[in-house]
Amino acid sequence: MYTDYLKKSLEYRKMIDVLMGKNFADLVLLNGNVINVITKEIYKADIAIKGKYILLVGDCSSLIGPNTVKVDVKDKYLSPGFIDSHMHFESSMLTITEFSRLSIPSGTTTLVADPHEIGNALGPVGIKAMADEIDNVPNKVFLVVPALTPDSPSLETAGCDINSKDMEDLLNYKHIIGIGELQGFSNARHVFNNTPEIIDDLLSSTMYAKSKNMVVDGNAPELFGNELAAHILATGGKCSCHETTTKEEAVEKLRQGVYLFMREGSTQKNMSECIKAVTEENMDSRRCILATDDMLANDLETLGHMNEIIRRTISEGVSPVEAIQMATINPATYFGLSEVGCLAPGKHADIAVIDDLNNMNVSACFIDGKLVAINGKMIINIPSYTYPDSVKNSVKRNHISEKDLEIRTEESQKKVRCIKLIPDQNLTGKYEPIINAKNGILLPDMNNDILEIACIERYGRNNNIGKAYVTGFGLKNGAIAESVAHDTHNLIVVGTNLKDMATAINAVIDMGGGLAASQNGRIISQLRLPVGGLITDELNGHQVSEKIYEIEKIVSEQLHCIVHSPFMHLSFLALSTSPEWKITDKGLIDVNNFKVLSPIAE
């Protein structure tokens, strides 16, 4: 650590020489409209750069020498590079390298990722493998690691159990800056009543992180009053929350000092409700932060990344500068990232050049003073990255049969428990329809959009299979399955019949993880995800984008699915910490009451 500061002192000394007239800047951006996120202003100014640092923002004419590169950015806006404060590479199914390749051209220069997906699947081995890849990319990537896997030990099975004993090792590994979302205490009341030992273990982890001046992210869906306060204490007294879905929640959390991560991803879109705390209640926005949580490759490629989220925030009535603050200085302040987040002397020269402030069209991107992207295209090469075998072959499950998926009864019909999918949300509802049985098996009812859903343990630890019903997908035939099922990432499948469900699951097993769609007993499309069953290092970002588009188009047109991004929506139906009903390998989970339910209503 000291050697890093010694190196910086030498770099700063050279910069002082330039400012005092002894040398010149390497690069000067002339005549730009500088977005000052410190003072919430826009004004005409130059930006001078030496090496990877900003020298001066203002009149830089005296810093221009014969070898200084001059770029006239008249009529363009210069913003600090954008920060995505909470995201999961695994949800994009991309390596860090490929995610960076797609996101940098839209002005994102810093990513803070929570690798609890690969942590649930593979434990510290997977997390460290992801941290190792960071050395391959030019942008700034930091990790906040899970303090507990699985999130609900009594309700689900993970591939690896992480707890406080792992924190010293993980929190001292490179590129790791803290603890990620504290989902183990999301359901505060029931954890306190049923598994209080988890609170003690989490406090051991969070206080160790705090002793190292590291962040601890929160995860507090629908928590208010005493329960929210208890959650804040469990994080060590300062936290964020990206699970806020209503204005009422947003107001409560801001009042209690929580940093409000306003989520706006591919299938979870909560910013427009959260931002009402600012636009309608006139609350201070300094603790409001934009984050995506989960983004698909196709959305990154076609819509953009943080620039698109900023644009949507502006459309909700927030001024452009204030919206940009929410993706620059606000998160930098929260994470203690002192070298990024604003345009000022000594900061890294991470700059997004914007043509149209309201539409957030980014025409160029600089990282550490180097031009890395122009007009939506990378102009530097980032080497492809291949993961070691130690994080592959994570599916340790034999094929299943149709019989394994049966939900049986001795009656001709039965009231069953059915998860209600809510599009673009982590939250679900509950529903208890009556369905018919044939030969003692309670079958899906496509006429009423009641399908079977199952979650199959894939790590070879117990061979559990949880079964229930779900509504909201609208499938008329076939099935879809995947090894992406938040957060323990067992196999999950939804289908119209047991044959296609078993076919899709077995295809995922054969691939060693991935996505599969089946119809009439055969696979009609699939994507292999060899890294922890979550990520592909075999395809680049564009190829993943094309493949996801292809498989989703098939599921929509041939299986008649009515929800967009069906695999991502399906993956969140296993999230045992998010109300109201979910499915894990142990069965149908009543999240609010912290217990496993029978798929047949009593």
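Let me begin with Thr292, which sits in the loop between strand β13, residues 288-291, and helix α13, residues 297-302. Please keep in mind throughout that what we are looking at is a predicted model.

Is Thr292 buried or exposed? Its relative accessible area is 0%, and because buried means under 20% relative accessible area, Thr292 counts as buried. If you look around this residue, leaving out residues up to four places away in sequence, you will find that Thr292 touches Asp84, His86, Met87, Arg263, Glu264, Gly265, His305, Met306 and Ile309. With one of these, Asp84, there is a polar contact from side chain to side chain, at 2.5 Å.

From Asp84 we can move to the sheet, since residues 82-87 make up β6, which is one of the two edge strands, the other being β10, residues 215-216. The sheet is open and has five strands, in the order β6-β7-β8-β9-β10, with parallel pairing. At the β10 end, strand β9, residues 176-179, is joined to β10 by two bridges, and there Ile179 stands opposite Val216. Helix α14, residues 306-315, packs on this sheet, where the helix touches β6 and β7, and its direction makes about 95 degrees with that of β6.

Strand β8, which covers residues 140-145, also brings us to a link between distant parts of the chain, for Lys140 in this strand is paired with Asp368, which lies in the loop between β15 and β16, 228 residues apart. The two side chains meet in a salt bridge, at 2.8 Å from N to O. Lys140 has a relative accessible area of 12%, so it counts as buried.

How many salt bridges are there in the model? The count comes to 32, and I would like to show you a few others. Lys276 and Glu273 meet through their side chains at 3.1 Å, N to O; here Lys276 is partly exposed, with a relative accessible area of 26%, and Glu273, at 25%, is partly exposed as well. Glu411 and Lys414 form another salt bridge, with their closest N and O atoms 2.9 Å apart, and in this pair Glu411 is partly exposed at 44%, while Lys414 is partly exposed at 23%. There is also a network of salt bridges, which links Glu264, Glu308, Arg311 and Arg312, and you may recall Glu264 from the residues that Thr292 touches.

Next, let us turn to helix α10, residues 247-255, in which Glu249, Ala250, Val251, Glu252, Lys253 and Leu254 are buried. What covers these buried residues includes the helices α9, α11 and α12, together with the strands β11, β12 and β13. After the helix comes Gly257, whose phi is positive, near 90 degrees.

Now for the nonpolar cores. The largest of them has 107 residues, and those with the most contacts inside it are Phe89, Ile453, Phe473 and Leu573. The largest share of this core, five residues, is supplied by helix α18, residues 541-557. Apart from this core lies another, of 34 residues, among them Val37, Ala250, Ala277 and Ala323, and Ala250 is one of the buried residues of α10 that I mentioned a moment ago. To see the surroundings of Phe89, again leaving aside its neighbours within four places in sequence, look for its contacts with Leu94, Thr95, Ile96, Phe99, Leu111, Ala113, Met130 and Val141.

I will finish with another threonine, Thr496, which lies in the loop between β26, residues 491-495, and α17, residues 498-511. Is this residue buried or exposed? With a relative accessible area of 6%, Thr496 is buried. What does Thr496 touch, not counting residues up to four places away in sequence? The residues are Pro444, Met446, Leu451, Leu475, Lys476, Asn477 and Gly478. Its side chain also makes a polar contact with the side chain of Asn497, at 3.1 Å. Finally, Ile453, which we met in the largest nonpolar core, is 43 residues from Thr496 along the chain, and the C-alpha atoms of the two are separated by 9.3 Å.

Methods:
Residues numbered from 1 in each chain as written. Predicted model: local features only at pLDDT ≥ 70, side-chain atom pairs only at ≥ 80, totals over all residues. Heavy atoms only, no water. Pairing = 2+ DSSP bridges. Helix = DSSP H or I, 4+ residues; strand = E, 2+ residues; numbered from the N terminus. Contact = heavy atoms within 4.5 Å. Axes fitted to C-alpha atoms, helices over the stretch in contact; angles between N-to-C directions. Buried < 20%, exposed > 50% of the residue type's maximum accessible area, 1.4 Å probe, protein only. Polar contact = N/O pair within 3.5 Å; in protein donor to acceptor, adjacent residues only side chain to side chain. Core = buried A, V, L, I, M, F, W, Y, C linked by side-chain atoms within 4.5 Å. Salt bridge = Lys/Arg side-chain N within 4 Å of Asp/Glu carboxyl O.
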